[in-house]
Amino acid sequence: MTARAVVTGIGVVAPSGIGAAAHWRTVVDGTRRTGPVTLFDPAGYPTRVAGEVADFDPAAYADTRQLVQTDRWTHLGFAATRLALADAGLPQRAPDPYGWAVTLASSSGGNLFGQRELQRLWGGSTRTVGAYQSIAWFYAASVGQLSIHHQFKGPCGVLVAESAGGLDSLAHAVRTVRRGTPVVIAGATECPLSPYALTCQLRSGLLSDVDDPAVAYRPFDRSAGGYVPAEGGAVFVVEELGHALARGARIYGEVTGWGATHDAVHTGPDSAGDPARYARAMRLALDRSGVAADEVDVVVPDALGVLRYDRAEAEALRAVFGDRPPPVTTHKALTGRAHQGGAALDVATALLAFWHDTLPASAGPVEPAPGCELDFLRAPRRPRSRVALVCARGYDGFNSALVVRGAPPAAEGAAR
């Protein structure tokens, strides 16, 4: 029998708050958490608004040695993982190291650390970099550090697919569970807020240059003009169902299917991705879940905030669901776009929605752009089938989709 993989812990460290409860309050209240960039001086850059994790104290989640050796992106990963393990009721160090694994997504690595060291190399009097430059910026740094600290010695890995990687990480975690590893840490965090990282993103031409946080990022809206970058994300405890039941764990839901495709072209100044290949990723996820299109309760879309991409995403959804796609809800306008961390955060939102028996209203659009007329949730409603399709696209053609089936709501299904 194929092992089933369920989510038993959610750790959120994002602009929406620290902890799953804080994130859920932000989503339900529709509170915007974007604002002026404070991690560095953005003067002179066209994009000066971002989503930052407020009041984050990395020393509360890692010791001094770890903080010195790692970047803020990894600090966020330390925090999200500790929160996820605590939420799942699991110890912070694996009692069976080879039965626990970690597989996270990554795209830009340790930007702030690398920025500091390179400035020291080229502008400092010593013309040197610190010993940890070689590992702190590396895209696998968070997985390596978490593996060492928590003693996750099972089959570990890193998924790199830009924003789509946040979903691919969970898909890989399910495969790892099915191959015999009972506990896998999955998800992603991100910190793309440094002068170098922002410059790299500006090259795409996809960022918003609006200074008013209230209107800077408006996916699917007639006034959409690009995305606002963000840090943070979500980390999950993915567990084999029998293992979870044996210890009386709370179960948020099950990852039942996924699909990933690629456009096979570079992202250009006029490109919008390939809606047909994006739609195929969605169909693969639904087919592998054994879920019919009309069973889907809600879609959480990629929501880039660039009109040609938003129209292409709406086209892909109509190709899968016909002229009446299921309700759509997105909250990236509240937090900014945290790349692979944002896709993981969308999964957290979907699972929390089922746990709280509430599909939250979408944070926009105010006025859907032509071609983006989807059924956006304008008010909260109760779920029907407890099935969500979460979608994400990554720069240069990555497409991913994930199906999660929610457990009964907390009032009925809480085990502890």
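Three exercises with worked solutions follow, on a predicted model.

Local features need pLDDT of at least 70 and side-chain atom pairs count only at pLDDT 80 or more, while totals for chains, interfaces and linings use all residues. Residues are numbered from 1 along each chain as its sequence is written, and side-chain values use heavy atoms, without hydrogens and water.

**Exercise 1.** Compare the radius of gyration of the protein chain with that of a compact globule.

Solution.
1. The rule, over C-alpha atoms, is 2.2 Å times the number of residues to the power 0.38.
2. For 416 residues this puts a compact globule near 22 Å.
3. The protein chain has 20 Å, which agrees.

**Exercise 2.** Classify the ring pair of tyrosine 252 and tryptophan 355 and place both residues.

Solution.
1. Rings of Phe, Tyr and Trp (its six-membered ring) pair if their centres lie within 6.5 Å; planes under 30 degrees apart are stacked, over 60 edge-to-face, the rest tilted.
2. The structure holds 7 aromatic pairs.
3. In this one, the centres are 5.4 Å apart with 65° between the planes, so the pair is edge-to-face.
4. Tyrosine 252 lies in the loop between helix H9 (241–246) and strand E9 (253–262), and tryptophan 355 in helix H13 (residues 340–355), 103 residues apart; helices (H or I, at least four residues) and strands (E, at least two) are DSSP runs numbered from the N terminus.

**Exercise 3.** Find the rings under the charged ends of arginine 116 and arginine 337.

Solution.
1. The criterion is NZ of Lys or CZ of Arg within 6 Å of the ring centre and within 35 degrees of the ring normal.
2. Arginine 116 sits over phenylalanine 113, 4.5 Å from the ring centre.
3. Arginine 337 sits over tyrosine 227, at 5.9 Å.
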